[in-house]
Amino acid sequence: METASDGPTALLLGQVNDYDAVILDLGLPGMSGLDVLRQWRADRRMMPVIILSARGTWSERVEGLNLGADDYMAKPFHAAEVVARLHALTRRASGTPETVLQHGRVTVNLLGKVAYLDGQDIELTAHELKVLAYLMQRPSHVISQAELAEHAYGASDTRGSNTIEVFIARLRAKLGHDAIRTVRGLGYRMGAA
């Protein structure tokens with residue numbers, strides 16, 4: 001997770017990073033949130049955006065949505081609602097609106113943060129679960145180590161160069177060696193269902 005304290009920084013971060021979702025405040029110093037969003041969309045940066053604003057007039061909500069925001073929340077708001085809306089946005093953006101993923105003998109409940117093999121609980125670490133869920137959301141795609149690492153860790157987390165290989169090895173030990181395939185030089189994908 002990254003934060004920007006002003007509009008120009010937010011604009012730059014959104015231009016150079018592929019975020020799963022963005023929470024954008026309209027009252028940013030240096031450049032308004034609406035101007036940041038307008039420029040992102042002009043640059044074809046299409047990450048999902050939730051606007052948070054103390055300004056709650058209908059015309060500002062309409063303007064934000066017309067500029068390409070996916071959702072708009074007026075302050076005050078409950079943090080739990082923001083989190084729930086973020087989860088809904090990222091599920092829709094990934095093409096996976098469901099909260100339960102199924103691939104062959106493996107099931108992942110995204111809301112419950114649990115995984116099952118043939119209906120039996122599997123003990124996974126948080127990072128293992130993130131890697132597995134990301135692969136299961138795109139079962140026919142080859143996902144690079146770098147992309148998996150980005151989704152398994154926050155931006156500020158430190159990680160070793162081989163951590164994704166370690167997580168894949170642990171997942172294979174728990175799910176079966178054929179559950180995740182290595183595509184040499186490219187990355188990983190789910191095995192046959």
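**Sheet arrangement and nonpolar cores in the predicted model**

Strand β2 (residues 49–53) pairs with β3 in the parallel sense, over four bridges, where pairing requires that DSSP finds at least two bridges between two strands and where helices (H or I, at least four residues) and strands (E, at least two) are DSSP runs numbered from the N terminus. The model is predicted, with local features needing pLDDT of at least 70 and side-chain atom pairs counting only at pLDDT 80 or more, while totals for chains, interfaces and linings use all residues. Residues are numbered from 1 along each chain as its sequence is written, and side-chain values use heavy atoms, with hydrogens and water left out.

Within this pairing, I50 stands opposite D71 in β3. The open sheet is formed by three strands in the order β1-β2-β3, with parallel pairing; β1 (22–25) and β3 (71–74) stand at its edges with a single partner strand each, so one side of each has no neighbour in the sheet.

The largest nonpolar core, a set of buried (under 20% relative accessible area, 1.4 Å probe, protein chains only) Ala, Val, Leu, Ile, Met, Phe, Trp, Tyr and Cys residues joined through side-chain atoms within 4.5 Å, holds 27 residues, of which V108, V131, L132, L135, L148, I164 and I180 touch the most other members. The largest share of this core, seven residues, comes from α5. Leaving aside neighbours within four places in sequence, L148 is in contact (heavy atoms within 4.5 Å) with V131, Y134, L135, I143, I164 and Y188. Apart from this core lies another, of 16 residues, among them L24, L28, I51 and L67.

Technical notes. Buried means under 20% relative accessible area, exposed over 50%, partly exposed in between (1.4 Å probe, protein chains only).
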